[in-house]
Amino acid sequence: MTRETWNSKRGFIATAIGSAVGLGNIWMFPWRVGTEGGAAFLIPYIILLVSIGIVALTVEWTLGRMTKGGPVVAFEKAGLPFGTYFGMLANFTMFLVFAFYSLIIGWMIMYLSNMLFGGLSAVDAGQFLASQAFSPSMAMWQFVGIAITIFIVSKGVKRGIEKANNFMTPVLYVLLILLTINSLMLPGVNEGLSFYLLPDMEKLFSPGTWMIALSQMFFSLSCLGTTMVVYGSYLKEKEDIPVSAVVTAFGDTLVAFLAGLIIFPAVFSFGFAPEAGPTLIFAILPEVFQQMPGGLYIGILFFLALLFAGITSSVSMLEVCVEAVMSKTNISRTVAAIGLGLAVFLVSLPSLLGVTLFGMPYFDFIIYISTVLIGPLGALLAAIALGKIGIDKAYEHIQRGASVKIPKLWKPWAKYFYPIVVLVIYLYTLVNGG
């Protein structure tokens, strides 16, 4: 079977940004900027983005393009001990991530639908997390999100994934810019901007701030040895990996930064506390929209943007699993997408039935397993795999299509320093639980 490739550089970058952009960009990044020193958090974040994040993207895309496969094939060809099984473990991680992420997408669809057909009054924000988020009735909305993802992935790399991202990613930026302009025109905007951006210089020199920035940057870029390896495997030899990595890294960060400019001025302008964490989007912002002039339309645009960010990420999650099945069997893309999508739905259902495992709600349990316990291992294995293939070969390969010569410093940076950083992140997430 001939392996598919991206149709254009623009489509690949739009898809890579779409994969990286997700719910973490919309609430986690702004929240961490606001609580970890404002501009003093942004300084280490940008430094780490340039020195580590861009390298992470080049490592995973180069591995994928050199081996023409996802983690299973890539780890096998690299000669990793138990490479097939480690590749399967990486794919299983993404399967679990999709299992909990699809439920969050269901929340987005429910909110958007209620606003479209019932207005803001139909959104019972105050009771949502307590009464609806994990109720059996949420299964319908979750299934809709999974069905959309299946449809896009089943159409293939060019006609499905790339085409969808070519539409959704630019529209996401347009929506965010419109929402940012609206928030910056609200009364009392300065208080929100101060919380979000005013530098706390003491935190700039705190090791904890740098560690949190590193962890946030790493997961935001979706560098877990899965998605970006698969997407790299669809790259043509002429594609410019270094420039694509720079554009993707800063494009992902721009979405996160704009989200903060949207959320905090609005929250402060209407007298709400910003300390809500993950409930900020689903419990606090709808109440803000209810008090805001034109709030219905602002709310619709916000949750539409959130949905686009969610779907572009979920597509990459399912594609990782579909690519693995297709690489090892004769199962068609459509059958694999439908089968895996339904399997994800079934695996996620215990979250809506009140199941607990090891004293944790099922939803929290699969988040812990996938993002803390085994998630970063995929990135570490990808870095080791590229080193085993040969860093000189990788350096020669990354030059193909590159518009500028890559410094030779990339070789020791990618072979030694980057895996050490990944290991540090892994230990940090284990100790801190995420």
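Q: In this predicted model, is Arg-333 buried or exposed?

A: Arg-333 is buried, because its relative accessible area is 9% and buried means under 20%. In this predicted model, Arg-333 belongs to helix H16, which covers residues 333–348.

Q: With which residue does Arg-333 meet in a salt bridge?

A: Side chains of opposite charge can pair when their charged atoms come close. Here the side chain of Arg-333 meets that of Glu-319 in a salt bridge, at 2.7 Å from N to O. Arg-333 lies in helix H16 and Glu-319 in helix H15, so the pair ties together parts that are 14 residues apart in sequence. Glu-319 is also buried, with a relative accessible area of 0%.

Q: Which residues are joined into one network by salt bridges that share partners?

A: The network consists of Glu-4, Glu-319 and Arg-333.

Q: How many salt bridges does a search of the whole structure find?

A: The search finds seven salt bridges. One of them is formed by Glu-76 and Lys-328, whose closest N and O atoms are 2.9 Å apart. This pair links distant parts of the chain, with Glu-76 in helix H4 (residues 71–78) and Lys-328 in helix H15, 252 residues apart. Glu-76 is partly exposed at 29% relative accessibility, and Lys-328 is partly exposed at 47%.

Q: Which residue forms a salt bridge with Lys-411?

A: Lys-411 pairs with Asp-392, and the closest N and O atoms are 3.0 Å apart. Lys-411 lies in helix H19 (residues 410–432) and Asp-392 in helix H18 (residues 375–398), so this salt bridge ties together parts that are 19 residues apart in sequence.

Q: How should one read the surroundings of a residue in helix H15, and which residues does Ser-313 touch?

A: One may begin with burial and then turn to contacts. Ser-313 lies in helix H15, which spans residues 295–328, and is buried with a relative accessible area of 3%. Leaving aside residues up to four places away in sequence, Ser-313 touches Gly-18, Ser-19, Val-21, Gly-22 and Tyr-101. A polar atom of the Ser-313 side chain lies 3.4 Å from the backbone oxygen of Gly-18.

Q: Which residues does Met-317 touch?

A: Met-317 is placed in helix H15 and is buried, with 7% relative accessible area. Its contacts, not counting residues up to four places away in sequence, are Met-94, Val-97, Phe-98 and Tyr-101. The C-alpha atoms of Met-317 and Leu-96 are separated by 9.3 Å, although these residues are 221 residues apart along the chain.

Q: What separates the C-alpha atoms of Leu-423 and Met-228?

A: The separation is 19 Å, for two residues that are 195 residues apart along the chain. Leu-423 is found in helix H19 and counts as partly exposed, at 39% relative accessibility.

Q: Which are the buried residues of helix H17, and against which elements do they pack?

A: Helix H17 covers residues 362–373, and its buried residues are Tyr-362, Phe-363, Phe-365, Ile-366, Ile-369, Ser-370 and Val-372. They pack against helix H5 (83–118), H16, strand E1 (356–357), strand E2 (360–361), H18 and H19.

Q: Which residues make the nonpolar surface patch of about 290 Å²?

A: The patch is made by Ile-46, Val-50, Val-246 and Phe-250. Helix H3 (39–67) and helix H13 (241–269) are the elements that give two or more residues to it. Val-246 is found in helix H13 and counts as partly exposed, at 35% relative accessibility.

Q: How many disulfides does the structure hold?

A: A disulfide is a covalent bond between the sulfur atoms of two cysteines. The structure holds zero disulfides.

Q: Why is the sulfur of Cys-223 without a bond to the closest cysteine sulfur?

A: The closest cysteine sulfur to that of Cys-223 is in Cys-321, 17 Å away, and this is too far for a bond because a disulfide needs sulfur atoms within 2.5 Å. The sulfur of Cys-321 in turn has that of Cys-223 as its closest cysteine sulfur, at 17 Å. Cys-223 is buried at 1% relative accessibility, and Cys-321 is buried at 7%.

Technical notes
Residues are numbered from 1 along each chain as its sequence is written. This is a predicted model: local features need pLDDT of at least 70, side-chain atom pairs count only at pLDDT 80 or more; totals for chains, interfaces and linings use all residues. Side-chain values use heavy atoms; hydrogens and water are left out. Patches are made of residues with over 30% relative accessible area and no salt bridge: like charges are joined within 9 Å, nonpolar side chains (Val, Leu, Ile, Met, Phe, Trp, Tyr) within 5 Å. Accessible areas come from the Shrake-Rupley method with a 1.4 Å probe; for residues, only the protein chains shown count as cover. A salt bridge is a side-chain nitrogen of Lys or Arg within 4 Å of a carboxyl oxygen of Asp or Glu. Helices (H or I, at least four residues) and strands (E, at least two) are DSSP runs, numbered from the N terminus. Buried means under 20% relative accessible area, exposed over 50%, partly exposed in between (1.4 Å probe, protein chains only). A polar contact is a pair of N or O atoms within 3.5 Å; within protein, one must be able to donate a hydrogen and the other to accept it, and residues adjacent in sequence count only if both atoms are side-chain atoms. Contact means heavy atoms within 4.5 Å.
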